Amino acid sequence: MEAMVNNISVEKAATSKIHKVDFDNLAFGSTYTDHMLVADYANGEWSAPKIIPYGPISLDPSSKIFHYGQSIFEGLKAYKDEEGGVWLFRPLENWKRLNKSAKRLAIPELPESHFMDGLVALLQLEQNWVPRNPGSSLYVRPFMFASGNGFHASPAKEYKFIIALAPSGAYFSGKVKVLIEETYSRAANGGVGYAKAGGNYAGQFYPTQLAAEKGYQQVIWTDDNNHEFIEEAGAMNVFVRINDTLMTAPTNDRILDGITRKSILDIAKDEGIATEVRKISVKEVVEAAKNGSLKEMFGAGTAAVVSPISGFGYKGVDYELPEIKDSYASKLKKIITDIQYNRTGDKFGWRYKVV
Ligand code: PLP
Ligand code: COI
């Protein structure tokens, strides 16, 4: 049966899975809604996006995604307020970053209307899937990959864009212990680190597994020259508080330009917190940990929100961070989530109403 929502054609799923979902015990990103949005690129243009039942897709074994990894993604969340309103947070930033990634991976860019109209129509259809439980949200995963085939190592001629939705709980349970990396690198100058390319994550899995064997949940990546400066973590940007100054590394072509990162910086400045965007050396963080001036570290990202770091490992030594009252992390997390869940005003103009 076909209908139209917001000018997007909808093929409804025969049955809904929503009654099988335990919304009180949601993991992150492992349950999917009834529908997905799909658009195809062929003959030099994107087809109109359409909504179809969520399910497997069929690809030729010679599709270039399997061989050359032309694959990018985004991550954002839909939030439900007390009245049942559904909101997004700065979704145009995700569309812009998707196209930044697309360009770097020689994937055709996606028109804004395909992204925004498709996303809004899909969320309107799936609004009952946006959890109300505290700390939960509907994780939105737009992604794009080479569906066109051929073993020639060159960009594909056909691509698929999909948005899938996953009602999700917290990404991390509890505080995060991190390992400052001394051997492996996530990204290099002139590379694809700033893009949200699937391969950037594949490349992190092995070093992250090694770190996990030693009891760390995330790796803090350092520069690829000398592993001297802190860059970002596997799925989040990193903030360091030394005395009362909050700092984070400047973005460059090795670091993902996080939407949470830049929002946290704006909020911190607005709150009168001293901020610095500058290179942060591992040496100064270790020294600050030793002399007690390292007050906090936390990660910031869509999935991770604001995740306090409990301590870090470096050169075989573990450094614990103190438990502090009125941390910047808890203050900033409250302000950003109050905006996201429509519990407060929106002085920065970041909220986007869907329902
Ligand atoms: N850094 C990496 C490598 C990420 O995967 C993410 C998550 O998207 C972030 C940082 C944070 O970015 P954002 O705040 O836009 O989600
Ligand atoms: C996000 O925060 O949305 C991300 O994309 C991180 C992801 C690797 C889970």
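The paragraphs below lead through two helix pairs, two nonpolar cores and a few single residues of this structure.

The model is predicted, and for that reason local features need pLDDT of at least 70 and side-chain atom pairs count only at pLDDT 80 or more, whereas totals for chains, interfaces and linings use all residues. Residues are numbered from 1 along each chain as its sequence is written, chains are lettered from A and ligands numbered from 1 in the order in which they are written, and side-chain values use heavy atoms, with hydrogens and water left out.

A first place to look is the pair formed by helix α2 (residues 91–104) and helix α3 (residues 112–125), which pack at an angle of about 140° with their axes 10 Å apart. Helices (H or I, at least four residues) and strands (E, at least two) are DSSP runs numbered from the N terminus, while axes are lines fitted to C-alpha atoms, for helices over the stretch in contact, with angles running from 0 to 180 degrees between N-to-C directions. The angle makes α2 oblique to α3, given that angles under 35 degrees count as roughly parallel, over 145 as roughly antiparallel, 65 to 115 as roughly perpendicular and the rest as oblique. The contact (heavy atoms within 4.5 Å) is made by P91, L92, N94, W95 and L98 of α2 and by E112, F115, M116 and L119 of α3. By class, this contact has seven nonpolar, one polar and one charged residues, where Ala, Val, Leu, Ile, Met, Phe, Trp, Tyr, Cys and Pro count as nonpolar, Asp, Glu, Lys and Arg as charged, and the others, Gly among them, as polar.

Two residues of that contact, F115 and L119, lead on to the largest nonpolar core. Such a core is a set of buried Ala, Val, Leu, Ile, Met, Phe, Trp, Tyr and Cys residues joined through side-chain atoms within 4.5 Å, and buried means under 20% relative accessible area, exposed over 50%, and partly exposed in between (1.4 Å probe, protein chains only). Of its 44 residues, W46, F115, L119, L123, M144, F161 and I163 touch the most other members. Several elements each supply at least two residues of this core, including β2 (8–11), β3 (35–42), α2, β9 (137–146) and β10 (159–168), but α3 gives the most, with seven residues. Leaving aside neighbours within four places in sequence, F115 is in contact with P91, N94, W95, L98, L110, P142, F161 and I163. Apart from this core lies another, of 25 residues, among them M236, V282, L294 and M297.

L88, in strand β8, is buried, with a relative accessible area of 1%. Beyond its neighbours within four places in sequence, L88 is in contact with L76, K77, A78, L119, L123, W350, R351, Y352 and V354.

A second helix pair consists of α5 (residues 259–270) and α7 (residues 328–340), packed at an angle of about 110° with their axes 10 Å apart; α5 and α7 are therefore roughly perpendicular to each other. Their contact is made by T260, S263, I264, I267 and A268 of α5 and L332, I335, I336 and I339 of α7, which by class gives seven nonpolar, two polar and no charged residues.

Two loop residues complete the tour. N43, in the loop between β3 and β4 (45–46), has a positive phi of about 50° although it is not a glycine, and N43 is exposed, with a relative accessible area of 77%. K315, in the loop between β18 (305–314) and β19 (317–320), is likewise a residue other than glycine with a positive phi, near 50°, and at 55% relative accessibility K315 counts as exposed.
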